[in-house]
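Here's an informal walk through one protein model. Have the sequence and the coordinates open as you read.

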Amino acid sequence: MFSSAKEVLEFIKREGVEIIDLRFMDFPGLWQHFSIPVSALDEEVFEKGLGFDGSSIRGWQVINESDMLVVPDPTSAFIDPFTEHKTLVMICDIRDPLTGKDYTKDPRHIAKKAEAYLKETGIGDAAYFGPELEFFVFDKAYFEQNSHSGYYFIDSDEAVWNSGKEVNIDGTFNKGYKIRHKEGYFPVPPHDTLQDLRSEAVLILEGMGIKVETHHHEVATAGQGEIDFRFDTLTKTADNVLKVKYVLKNVARKRNKTVTFMPKPIFGDNGTGMHTHQSIWKGGKNLFAGDKYAGLSQEALWYIGGILKHARALAAFVTPSTSSYKRLVPGFEAPINLAYSARNRSAAIRIPVYSTSPKAKRLEFRPADATVNPYIAFAAMLMAGIDGIKNRIDPGEPVDKNIYDLPPEEKAKIPQYPGSLEEALKALEEDHEFLLQGDVFTRDVIETWIEYKRENEVKAIAQRPHPYEFVLYFDV
């Protein structure tokens with residue numbers, strides 16, 4: 001939409017923009033923002049930035065080194081479709097005010113360094129990523145955890161557990177057509193009650209410049225959906241993930257509903273993932289197209305080898321929540337087997353074969369989910385793939401059988417994805433040298449990530465009583 005600060009400033013005057021919203025990504029993966037009037041924005045802001053308190057952002061500065069700068073990226077600007085006053089949003093990079101250098105823990109900076117490192121290696125010019133964002137739309141969601149109680153409650157008019165109720169959540173009489181467990185892929189309305197909500201989100205995204213490819217109901221009951229948008233370069237795709245999440249959450253709120261990207265909010269049905277398609281291009285040609293297995297090139301196979309070799313360490317970034325591992329269990333299309341295959345969805349890496357066009361050749365990494373920090377997750381996947389190409393890592397033979405149906409002795413030979421966040425963090429501690437190449441990730445970033453996740457999530461969950469423990473143990 002814009003290529004320079006000058007173009008942004010001219011647009012602001014021409015279109016009557018009133019407010020500038022400056023956004024950036026915190027370390028764990030939540031979009032942050034603050035706003036300024038248009039009178040406070042000039043070309044100098046694009047060069048020198050604006051100050052804020054970095055100590056209040058999770059995983060960042062200590063209080064005695066708190067001052068940080070946000071520097072808006074004019075090429076990222078878009079009009080916020082939800083604000084009452086006309087607001088222009090810009091995604092920002094973070095700098096240290098003393099050194100003037102990019103902040104090493106800024107996730108967007110890590111993504112940009114990964115793209116630069118790819119070019120430095122000479123392997124390719126661009127890495128393209130295309131995530132499939134799955135989510136749930138609920139009518140109700142509330143939860144509490146304190147010293148003497150802990151519970152959550154979610155509900156959806158679409159859910160099969162509401163089949164026997166006379167009155168729906170919205171007050172109308174029940175007319176049936178509830179979606180049964182694992183049967184949401186993908187019946188037409190009236191079963192699918194969220195067509196208009198998803199369509200509204202898609203049209204807003206298109207207006208923001210994001211090319212949406214499809215939207216549909218997903219497998220689970222209770223309002224599970226998916227929106228797929230066209231692939232782009234790594235950092236731009238990470239930007240777009242945040243825009244999609246922002247739009248979906250606010251469209252749902254406008255319609256008196258709520259959206260979650262939590263991987264496993266419902267027991268006994270499919271969870272939500274973020275299958276991530278990726279390829280490397282050089283000189284305008286897809287480096288992954290060739291005459292090897294499933295139409296892939298040797299470089300693509302080596303890339304797969306790198307992903308599989310480092311998959312257990314990658315898990316700490318691509319499935320970074322305790323909820324992630326409740327999704328990754330057998331029986332729910334869970335890609336927990338560290339193997340690759342064309343069409344086979346029980347493998348961690350799938351090679352889509354919808355098209356024979358060289359431009360369409362790519363791999364799909366299936367374990368990831370949308371609790372990621374997309375800048376960090378995409379950068380980590382790219383670094384693992386680059387390591388595979390540089391070191392010509394053999395991915396082994398593909399597995400084209402249903403892995404869940406294999407005999408135990410054959411299945412035992414296939415490495416498994418981590419079974420918990422703690423297991424993934426330990427794997428990252430043991431295997432992270434590939435991330436340090438080109439100074440893309442620093443040791444401080446990796447150590448902070450592990451410490452934050454362990455202290456604030458793994459231990460926090462482990463130390464609290466779980467409601468089902470009362471079912472198991474109260475009467476012992």
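## Helix H7 and its surroundings

In H7, the buried residues are Ala311, Ala313, Leu314, Ala315, Ala316, Phe317 and Val318; buried means under 20% relative accessible area, exposed over 50%, and partly exposed in between, using a 1.4 Å probe and protein chains only. That is seven of the eight residues of the helix, which covers residues 311-318, so H7 is largely enclosed by the rest of the structure. Helices (H or I, at least four residues) and strands (E, at least two) are DSSP runs, numbered from the N terminus.

A quick word on ground rules: this is a predicted model, where local features need pLDDT of at least 70 and side-chain atom pairs count only at pLDDT 80 or more, while totals for chains, interfaces and linings use all residues. Residues are numbered from 1 along each chain as its sequence is written, and side-chain values use heavy atoms, with hydrogens and water left out.

## The whole protein

Zooming out, the protein has 14 helices and 18 strands. Its C-alpha trace spans about 65 × 60 × 50 Å along the principal axes. The radius of gyration is 23 Å, which agrees with the value near 23 Å that a compact globule of 476 residues would have; it is taken over C-alpha atoms, and the globule rule is 2.2 Å times the number of residues to the power 0.38. Buried residues make up 54% of the 476. Of the contacts (heavy atoms within 4.5 Å) with a separation of 6 or more, 68% come from residues 24 or more positions apart.

## Leu22 in strand S1

Leu22 sits in strand S1, residues 19-25, and is buried with a relative accessible area of 0%. Leaving aside residues up to four places away in sequence, Leu22 touches Gln32, His33, Phe34, Ile36, Leu50, Val70, Pro72, Met90 and Cys92. Arg95 is 73 residues from Leu22 in sequence and 14 Å away in space, C-alpha to C-alpha.

## H5 against H9

Now find helix H5 (residues 234-254) and helix H9 (residues 374-390): their axes come within 9 Å and cross at roughly 145°. Axes are lines fitted to C-alpha atoms, for helices over the stretch in contact, with angles running from 0 to 180 degrees between N-to-C directions. On the H5 side the contact is made by Leu234, Thr235, Thr237, Ala238, Asp239, Val241 and Leu242, and on the H9 side by Pro374, Tyr375, Phe378, Ala379 and Leu382.

## A hairpin and some backbone oddities

Strands S10 (residues 212-217) and S11 (residues 224-229) run antiparallel and are joined by five bridges; two strands pair if DSSP finds at least two bridges between them. One pairing to look for is Thr214 with Asp228 in S11. The two strands form a hairpin with six residues between them, and Ala222 in the turn has a positive phi. Ala222 is also buried, at a relative accessible area of 0%.

Here are the backbone angles worth a look:

| Site | Feature | Angle | Location |
|---|---|---|---|
| Tyr185 and Phe186 | cis peptide bond | omega about -25° | Phe186 in the loop between S9 and H4 |
| Pro189 and Pro190 | cis peptide bond | omega about 15° | Pro190 in the loop between S9 and H4 |
| Ala222 | positive phi | phi near 65° | loop between S10 and S11 |
| Ala294 | positive phi | phi near 55° | loop between S15 and H6 |
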